[in-house]
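Hi,

Here is the structure I promised to pass on. Have a look at it first, and then read my notes below.

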Amino acid sequence: MSIVVSGLTKIYGAQLAVDAITFSVNPGEVLGFLGPNGAGKSTTMKILTGYIPQTAGKASVCGFDVERQSLEARKHLGYLAENNPLYTDLYVKEFLSFVAGLNGVKNKASRVKEMIWLTGLEREQSKKIGALSKGYRQRVGIAQALLHNPEVLILDEPTSGLDPNQLAEVRQMIRDLGKEKTVILSTHIMQEVQAICSRVVIINKGKIVADDAIERLQHKATGETVILVIFKQAADKDKLLKISGVKSVNLSGEKTWKITGQKGIQEAVFEFAVANQLTITSLSEEQQSLEEVFKELTRQV
Ligand SMILES: Nc1ncnc2c1ncn2[C@@H]1O[C@H](COP(=O)(O)OP(=O)(O)OP(=O)(O)O)[C@@H](O)[C@H]1O
Ligand SMILES: [Mg+2]
């Protein structure tokens, strides 16, 4: 396991921010860490990266306890903090050399050059960080997280505020990094999760409300399946409603039926077609959007 979190809790004064959460991340996984504002994402990430101590529970990165073996744990992780705090008065190259020095990176100059290339900062490398556009600052943040070639990357809203072109580029960069590294990233953009992540953990008011592969999550949220079926012949709605497991039936096109019911109703629909001498010309499953799943799981009550 690259990251193991167990019963992790954080209380700020009277505010319970993270409430005994448990999850783990396998090597090579890209985990989307989602949740509404104030859910506890950044707090969890700050504990994992050793920036703040937990109140209770445990966490480890590459086998190193983040509290007791903080230095070792930090050697194995790169962190892009929320709002990407950088020294705006330093030049890009100067800043990266400084961070490389702090991290004891060997072959500092060549490593800095390599990261500048990898993050597409060649043309910006001699500018002051304060003079960079937001997207390029974000790249500097990613470059500094990667300098010591960590196995684990913790990225807190890495694409917030980017224009659509930079968004696509930074996402691609994270996807490429994910081929070699373990990544946890927080985001509010569901499309991004679908584009980059293999698994999702959703946190709400400090508690984990979902931990699953994206596809499975889309099914699980309602426990229902929606299928779209086209019969060659006209079908009878009342008969369709009698199929075992079917809850509702609507005609959504000329011959396209939208059938909602328990998981696995497809088989019963096939049997129904055979028994009623109907030909199925198309049968597909409609996926619930991740956005709907998110809303459902984090609804304020
Ligand atoms: N230093 C602090 N002192 C007191 N309360 C804090 C502190 N930092 C965070 N909190 C509180 O802890 C809770 C979790 O905050 P956190 O920043 O972890 O949320 P988040 O999930 O990252 O939200 P967002 O999506 O808005 O970034 C919030 O209620 C927040 O107000
Ligand atoms: Mg946050």
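What follows is a quick tour of a helix pair and a sheet.

One thing to keep in mind: this is a predicted model.

Let's start with the helices. Helix 3 (residues 92-102) and helix 4 (residues 108-118) have axes that come within 10 Å and cross at roughly 125°. Angles over 145 degrees would count as roughly antiparallel and those from 65 to 115 as roughly perpendicular, so helix 3 and helix 4 are oblique to each other. Their crossing is right-handed. On the helix 3 side, the contact is made by K93, L96, S97, A100 and G101; helix 4 brings K108, R111, V112, M115 and I116. By type, the residues of this contact split into 5 nonpolar, 2 polar and 3 charged.

Now the sheet. It is open, has 4 strands in the order 12-13-11-14, and its pairing is antiparallel. Which strands stand at the edges? They are strand 12 (246-251) and strand 14 (280-286); each has a single partner strand, so one side of each is left without a neighbour in the sheet. On average, neighbouring strands here are turned by 20° against each other, ignoring direction.

Further in, strand 11 (residues 224-231) pairs with strand 13 (residues 256-262) in the antiparallel sense, over 7 bridges. If you want a spot to zoom in on, try V229, whose bridge partner in strand 13 is W257.

Finally, helix 10 (residues 265-275) lies across strands 11, 12, 13 and 14, and runs at about 25° to strand 11.

Cheers

Notes. Residues numbered from 1 in each chain as written. Chains lettered and ligands numbered in written order. Predicted model: local features only at pLDDT ≥ 70, side-chain atom pairs only at ≥ 80, totals over all residues. Axes fitted to C-alpha atoms, helices over the stretch in contact; angles between N-to-C directions. Helix = DSSP H or I, 4+ residues; strand = E, 2+ residues; numbered from the N terminus. Parallel < 35°, antiparallel > 145°, perpendicular 65-115°, else oblique. Left-handed = near helix turned anticlockwise from the far one by under 90°. Contact = placed C-beta atoms within 7 Å. Nonpolar A, V, L, I, M, F, W, Y, C, P; charged D, E, K, R; others polar. Pairing = 2+ DSSP bridges.
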